[in-house]
Amino acid sequence: MGRNIMDTRLTRTLASVTFALAVLCGLAGLGKAVTHLLDDGAVCVKTDFWANATLADRLPVAHGVTATGSTTRLCQDAPSIGQRIAELGDAVPLLLFGALALLLFSVLLKTVLRQGPFTEAVAYRLSLLGWFVTVGTPLCGLVVGWSRSWLVGSMAPTVGSGPTVSGSMVLVLAGLAAVVMGKVMREGVRMREDLEGTI
């Protein structure tokens, strides 16, 4: 009965679309990595270290308004190998993380189509997706933030570098919700199996 409820055109389409998006994100990440490593141009990065610095050139602003810089763009014309790798760490991890998360979600939907929504396999895959998002979001943010920090520090030593986390951590809440739902579903499956065994 659960299989009939979830085996719909919408679910099948969503499973196919998420798989296609996962492949596209993965290819985009790998393509970006290859092109950046083969590129011999400048490496650039933005920093907000001088966000409150007063601009050197006066802007046409109203009387009493002070204009300050927001972000500064730094570029290295002849980057080192370390700077090239740090630039990859600033861009590629998000694409690869998105590709893996979409792939796990696609596998979850395909399991729902094959076995129905309330099964042990679906509960396991939902928990797996939740843990991946919960742990992967801060790790990905750390790789991106630290890569950007190191790249800025390599171009402007006065700024310094260190471990920083970039991006929003809102996805951690979604991941934890998926973990909890997976555990609830697993308990529901066990209770149903116990009831079926007593009848």
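Which residue's side chain meets that of Arg84 in a salt bridge? The partner is Glu87, with a nitrogen-to-oxygen distance of 3.8 Å. Please keep in mind while reading that this is a predicted model.

## The overall picture

Let's start with the fold as a whole. The protein is built from five helices and two strands, and along the sequence these elements come in the order α-α-β-β-α-α-α. Of its 199 residues, 33% count as buried.

Contacts across the sequence are worth a look too. Among contacts with a separation of 6 or more, 78% are between residues 24 or more positions apart. The accessible surface comes to about 12500 Å², and carbon and sulfur atoms account for 67% of that area.

## A buried pair in helix 3

The structure holds three salt bridges. Back to the one from the opening: Arg84 and Glu87 both belong to helix 3, which spans residues 81–115. They sit three residues apart, about one turn of the helix.

Buried or exposed: where does Arg84 fall? Arg84 is buried, at a relative accessible area of 9%. Glu87 has a relative accessible area of 13%, and because the cut-off for buried is under 20%, Glu87 counts as buried as well.

Glu87 also has neighbours from elsewhere in the chain. Leaving aside residues up to four places away in sequence, Glu87 touches His36, Val43, Cys44 and Leu151. For orientation in the viewer, His36 lies within the range of helix 2 (9–38), while Leu151 falls within helix 4 (residues 120–155).

## A bridge between helices 4 and 5

Next comes the salt bridge of Glu120 with Arg186, whose closest N and O atoms are 3.2 Å apart. Glu120 is in helix 4 (residues 120–155) and Arg186 is in helix 5 (residues 170–198), so this pair ties together parts that are 66 residues apart in sequence.

How do the two partners stand in terms of exposure, buried or partly exposed? Glu120 is partly exposed, with a relative accessible area of 32%. Arg186, in contrast, is buried, with a value of 17%.

## A partly exposed pair in helix 5

Helix 5 also hosts a salt bridge between Glu187 and Arg190, and here the closest N and O atoms lie 3.4 Å apart. The two residues are three residues apart in helix 5, which means that about one helical turn separates them.

Both partners of this bridge can be checked for exposure. Glu187 is partly exposed, at a relative accessible area of 43%. Arg190 is partly exposed too, at 39% relative accessibility.

## A nonpolar patch on the surface

Which residues form the nonpolar patch on the surface? They are Phe19, Val23, Leu27, Leu100, Leu103 and Val107. Together, these residues have about 480 Å² of accessible area.

Two helices share in the patch: helix 2 (9–38) and helix 3 each supply at least two of its residues. One of the patch members, Val107, is placed in helix 3. Val107 is partly exposed, with a relative accessible area of 34%. Helix 3 is thus a good place to linger in the viewer, because Val107 there is partly exposed, whereas Glu87, also in helix 3, is buried.

Key. Residues are numbered from 1 along each chain as its sequence is written. This is a predicted model: local features need pLDDT of at least 70, side-chain atom pairs count only at pLDDT 80 or more; totals for chains, interfaces and linings use all residues. Side-chain values use heavy atoms; hydrogens and water are left out. A salt bridge is a side-chain nitrogen of Lys or Arg within 4 Å of a carboxyl oxygen of Asp or Glu. Helices (H or I, at least four residues) and strands (E, at least two) are DSSP runs, numbered from the N terminus. Buried means under 20% relative accessible area, exposed over 50%, partly exposed in between (1.4 Å probe, protein chains only). Contact means heavy atoms within 4.5 Å. Accessible areas come from the Shrake-Rupley method with a 1.4 Å probe; for residues, only the protein chains shown count as cover. Patches are made of residues with over 30% relative accessible area and no salt bridge: like charges are joined within 9 Å, nonpolar side chains (Val, Leu, Ile, Met, Phe, Trp, Tyr) within 5 Å.
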